[in-house]
Each structure stands twice: as structure tokens, then as C-alpha cells.
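The following paragraphs lead through the arrangement of chains, core and interface in the model shown here.

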Amino acid sequence: MTYIVVEDLKKNFVVKKKREKGKLFREKEKVKALKGVSFSVDKGELVGYIGPNGAGKSTTVKILSGILTPDGGSASVGGIVPWEERKTHVKNIGVVFGQRSQLWWDVPIIDSYNLLKDIYRIPQRDYEARLKELTEALCLDEFMKTPLRLLSLGQRMRAELCGSLLHRPELLFLDEPTIGLDAVSKLSLREFLKWENREYGTTIMLTTHDMEDIAALCSRVMVLGHGQKLFDGKLNELLEHYDTVRNVHIKYEGAVSDIKLPNGVISNQTEDGIELSYNPSEIPTSQLLSILQSAGNISELTLQPENTDHMIAAMYKELDL
Amino acid sequence: MDIFRLYIKSIGMLLKSHLQYTSSFIMQALAQLVMEGGEMMVVILIVDRFEGLKGWPGSNLYFFFGMMSVSFYLTEFFGRGITGNFPSMVRTGRLDTFLVRPRGVLTQVLCAGTDPRRITCIAVGTAALIMGSRLSGISWNLLKVLVLVESIAMSMLLILGLFMIEAVFSIFSVKSVELVNAITYGGRSACQYPIDIYPVPLRALFTVIAPFALTLHVPASWILDKPLYGWPMWTAFVMPLSGAAVFAIMTGVFHLALRHYRSTGS
Amino acid sequence: MSYFTVFKMRLRMELQYRGAMIGGILCQMFFGMILIALYRALYEGKPQSVPIENIATYVWLQQAFFRMMLASDNELVDKIRTGDISYDLCRPVNMYGFYYARIMAQKLMGSLMRAVPMLIMAALLPRGWRINFPASLPGFLLFIPALVLGLLCVCALENITIAFTMITLDPRGMQGLLNLLMLTLSGNILPLNLFPESWQKVITLFPYAQLLDAPIRLYTGEYLPADAMRIYAVQIFWVVVLIALGVSMWSANRKRMIVQGG
């Protein structure tokens, strides 16, 4: 069932340039943040939304959550146009901005939740049940009486998530939710999001710079750049094209004779052995291995695909982003 | 009613968090006391030296001062979201979080700020009001009390409306604090004295554009039994409503401006 | 970093905010008009020994140099609140001098760039509203050094305020209080020459009166050029005392912070 429909969405910003010498007023420049983006999302999907800074990710999310009014095109979420019927629309959505808080800084988080209950007009019984469930799933019980400002970053993000899900939104926007979190917090956050998506069929749209978030959570990924949609599909499909490089880490025992590497292999001698990277389609792996083997007595060897972050960087570069 | 409950609850919560920093709060409240006390002292010094002001005896001046002070600082106490915090709400993206909640933005902005330090200013204003009333020998009756309450309430709406000019500017990320201060704080400074002492352009400004003359001076003069310009009694009831009108107009402008809001930050 | 570099940097920053400056000028002009309108109305009922023209001149000079008195350095206040100030205090430079230069640059630029256009506008107003020419040429020549001494004085005062805020770590309360004392006792809210005569004898000796009140009275001729040396003496006395007090407070703070480990 199609839930979000976006067609040819456009948004411009007027940016004031730096004042030039001798001019009284600064010149204005029109920046196209979105140049006609279209996509649709089904109910219950978990979609990752990536792109370099300034690609228009946040702009899209802000339009879909009713914060910004677009300059052209159309969008609807569950049949509602976000910026036209803001109040009706936002009842059904939850938003978590990674770097800004929607809870109250100086008061215990339970007080914040109580106020959110009134703001969203959540019936008392629903509220209690939902709060119990969320605090358990997010392990928030012991912090309920602690003011937000005294929580760690990971705890704070969990508290924010709880706050944005109290009213059982059908759609959850997450803007860089794992930014600055430690490994344990990231993992548990991802687990929670999967659980919420499975249990309630909540549609989740996630913008992030962390490819592991996408790999762990999203069945579908959209790439945005220069205000345009560049890719829409499975992460694997996206990476196949860029997944060309293999990294080898090799350690020898004893003397090593001079290794004659074929052209195209990049090598780097480190204290802890040798790092190599090569492209299997150019140099067959078997050929490289036999060269390495003949050079000495191998004590350790690992062979890995390139890190996803590098692939994305390569992709951005190729697409000239 | 529902909105009112939400407001009370929000403000209650904010008060609680303000009071967590007790010593800082007391310090600032004292600073405010000295500040408003200083303003009051200036009026006393003026009365001491000049005795009266174009037909208004000193006792009346205290009354006007008290009316303005109470209205202005009640507004800052309860409307801090608009009178003080709004530009930073835009800057920090807090306005975004209001926009993704199913409540009016203005409601949420007002729910998000209170300035309890002003309590001491309100106290000074009340003292001036009582002092002015006693010295002027006002004979209070129910009608006069009603007009007083209406006048203060409408002046508060007017002041909120004027501060919303700044809010609208900051939505367009135009820095305008000083210009808007001219009309808000300038209005307070000018209109704590009776309006008819000023030359015509100033009078026009504070009657038509920022109608303190209508919300404050007309009813206050009627309470003092010296109707402004000799206007009839009904004007003391009807004219203050212009405060609500200004507020309503500015609310409309505010919402129009929100359509052009460009949320900053990534 | 030399004090001169700091000074130049702040100057350039001040120049950038032209929009805010125009807004500030218009606002200050408006406040000046309101005050003069009020005093004119008061004078209609009961003229005073000080002529209204002098009061108008007094108001304009106060408004024009308003920025000089206002606590100027928000960045610094933020530094105190967040505790970043401790890094500065541990630098090998004399931080009192560093901030003194910074504050002075800000005040000097902020007020000069506003004062010049404002005073020109104020001079074009009709009689009884406008700023008068100085009472005499010597009066004007003596006014300038007095203004400079006033600037030195106000910078020293602000450094003391900052030292206080470093102790209480609560900028708003302390600053609000000291700012208000300054506005009232320097004659910004009500010209000091309209205070009761008996008060004036004391108030004019306070440091706050040295900032603008003393220079303005030299300008309007209320203080005769012959009195100038006496006025300067009082001003210099306060500059020395306030700087000494500020330096000792800063070094006490520095010791305390180093002991606390920042």
C-alpha cells in the first residue's frame, strides 16, 4: 500500500551573498535545494535516505513533516498534504532530529512525557500502556526522574525516541539518530527501531551518514545529491557497482624476498605487515596469491571487501557530488 | 479550555525548572527589583522637581506609571516565549519541533517561555498603582475595577502584538532587535506618562500604530475622573479593545510569515 | 597576540554589522526624541535653572554615546557561563589587558560609528529639540579628553563586572544590576542635573558620573573651562582606582581557577 507519494518536489532558498566592496546591499542568490524529487514509500517500509551534506535530505524530511512549504510539486502522506493540513498530519508522525531535543532540558523526562501526552491529547490509558512498553523496550525505567540535561548522549537519544513515539505515529522520521553514539548505544538503537517497525508496522525514514545504520536497518536506500534523486533500490544493488576493491593484509614469518606486484596493485608496508588493495576483475585473486606465496612464509592473511563508507565516498566522487 | 490547561501546565513546569537554580533566580529577581525601582525613583524625582506635568499632578503620574509597569511586566512574565525567546527558538531550530506537533505554533511558543524574575517588577508596578490611586483619591467602584482589568489585559495583548513584529522579522532571519525595541521599550518609556503631553506625531504613533493611548491612557484617565480629551465614558470600555485587534492582526501576519519559514541547520 | 591586533580585529567586526548599526541609531534617536518631548512638557509647567536647550544637548550626547556604557561583550559572557574563560585565564598573556583592549575597541567603534551620524541628525532638529553647539571653543576642546577619560573609566568598570561574574558564574544577575546602576547614576535615564541639588553634590563624585556626565557638562558650559583640571583629577582618580581594583580581582580569580583546575 503506497503511503508516501512525492512527485517532482521543488524547493528554493534565497541566500544572501557576502557583501561586495562598495555595494550598499548584499546580492541575493537563489539556491535550488530540491530540483524535482519523486518517490513513493509503502506502509511499513524502512527507508534509508543518504547523500552528502547539502544534498537536500533534511529539506525533504522537513517538507514531509510539515515544517517547510515546497515551491513546487506535490507530496502526500497517507492522503494528507503535510503543509496544508499541518495539525492533522503531524498527529500521525514522529520526528527525531539527531542534534536538537524536543524534550525539556531542565525537567525530569517523565514530566516531559506528561506534557507531550497533553500536547498530543493521548488518552490516559493509552498513554500509560504505551509509556510502559516504550520504557521497557528502551531501558529507560531508571532515568524517568532524571532531568534530560543529566543524561548521557545515548540515554538522551533513547529518551527522545520514546517522546516521539508516545502518540503511536504511523510514520517516524529520524534525522541522523546515531550521530555521536557509542557502539553499544548504536546497536541497541537499531534493535529498537527494527522492533518498532516489526511490531507496529511503523514506516521509518532515516537520514544518516552512517552506512552501518543503513546496512543494518534499511531494505531500501535512496541517494540524493544536488537536489536530485540519484538512486533508489536495495543497498546491495547500489554497492555492487562500486564494490570493486579488495583489501589484503598479509604478514610474513622470516625473510621476505622482493615481491614483484603486477600493475594496479597498491601496496603499503606497515609495522604490522603489508597492506594491499587490488581490483579482482583486473588481477585475478589466484594470480596475486601465488605471487604473495612465493615471496616468503606467510604467517597471517586476511582478505576483505572495501568498507562501505569508502564505497559511498567513491560513489559521491563518481557522481560528482 | 484545553489550551489554557496546557499553558498552565507548561508554565508550571518551566517555573519548576527555573527554581532549580535558586540563588541565580533570587539574584536576578533582585536585579529586576533594583531596575524597576530605579525607574520608579526617576518618576519620583521628576515629581519632586516639577510637581506636575501639563495639568497632571504627581499622584496621577504614579498611577500611569503603575499601569504601564504592571501591564508590561505581566506580559514579559507570561509571554516570554514571544517577548524574549523567539529569535533563539528560530536560531536553534526549536521552532521545528513546535511545527511537528498537532498544536498551534503560537500556543506552543507561549507555552515555552516564562520570565518569573519579573515578579519583582510587577510588585513595584503594583506599589506605584496603589500609591497613585491613594494619592489621587480615586473612589473605586466595580465599573472602575472592570475597566482597570480590561485596560491591563488589553495593553498586554498590545505589547505581545508589538513583540510579534520582532518574531515575524526573525522568521525571515532579519535582525531587527533594536528597531523593534524602539516601539516596544520605547512605547513603554513614552507611555508611562500621559499621552497628551507629547507633540502630535508621537501621539499619532501611539494612538494609531501602537495604540497605548487607547488601551491604557483612555481608560486610566477615565478612572482618574479626568477623561482624556474629554471623551465620553463608553470610550473607556471600547477603545482598549484595539489591543486585541493589534494582537489579532499580528497573529495573522505571524502565521502568514510561518509559511515562508526556512528552517535553518542541516 | 598584541593588544593592537585585538583592537584591530574588533574594529573590523564592528564594521560588519552595518544593518544593526542603522537600527541602533534609529532606535536611539527615537528614545532621545521621547525624552526631550517629556522634558519639554515638564519645563512648560515649571522652568528650571538649567535651560531646556542644555537638557536637549545632554540627552543627545547621552544617547549618542549610549553604546559606550552598555555592557558590550556577549561572547565573553558566554565564555564565563560555559567555563571556557578558564583557558583564557591560563594563557601567558596579561588577560586583564587583553580584555581591556577588546572591550575598549568594541565600545569606541560601536559608539563612534553611531555617535557621528546621530549627532549630525540631532543638530538638524528644530530649536529646543536639537543639540546645541558647545558653549565655547575651550569647553569643546576640554570635552574631548574628558570623554576619553570617561571611556577608560567605563572599560575599567566593565572589567570589574566581568570579574564579579566570574565569581558568581551568573552573568545576567550581576550584569543587570551593575548595568542599571550605571544607567541611572550616569544620567542616561534622567539627566544628573535634574536630580535634587543635594544629591548631585555626591553623585557627581561617583565613578558613573565620570563617564558622560562630566564631559557633557564641560560641553554645555555648566562646568567652566577653569574647572577642567579639577574634573580631570576626579576622572583620573577613578580610572586609577578602578583599574587597580580590576587587576587585583582578575589575578585573584586567576589564582582561584588555577587552584580549582579550571
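Helices are DSSP runs of H or I with at least four residues, numbered from the N terminus; the expected span of a helix is 1.5 Å times one less than its number of residues. This is a predicted model, in which local features need pLDDT of at least 70 and side-chain atom pairs count only at pLDDT 80 or more, while totals for chains, interfaces and linings use all residues. Residues are numbered from 1 along each chain as its sequence is written, and chains are lettered from A in the order in which they are written.

Helix α3 of chain B (residues 58-78) has 21 residues and should therefore span 30 Å, which agrees with the 30 Å between its end C-alpha atoms. Of these residues, 19 are buried, so α3(B) is largely enclosed by the rest of the structure; buried means that 20 or more other C-beta atoms, placed from the backbone, lie within 10 Å of the residue's own.

The largest nonpolar core, a set of buried Ala, Val, Leu, Ile, Met, Phe, Trp, Tyr and Cys residues joined through C-beta atoms within 7 Å, has 221 residues. Helix α8 of chain C (residues 137-168) contributes the most to this core, with 15 residues. Leu61(B), Met67(B) and Cys153(C) have the most contacts inside the core, a contact being two residues whose C-beta atoms, placed from the backbone, lie within 7 Å. Beyond its neighbours within four places in sequence, Leu61(B) contacts Val43(B), Val47(B), Leu53(B), Trp56(B) and Tyr193(B).

Two pairs of chains touch, and chains B and C share the most contacts. Chains A and C do not touch, their nearest C-alpha atoms being 9 Å apart.

Key:
Buried ≥ 20, exposed ≤ 12 C-beta atoms within 10 Å, placed from the backbone. Helix = DSSP H or I, 4+ residues; strand = E, 2+ residues; numbered from the N terminus.
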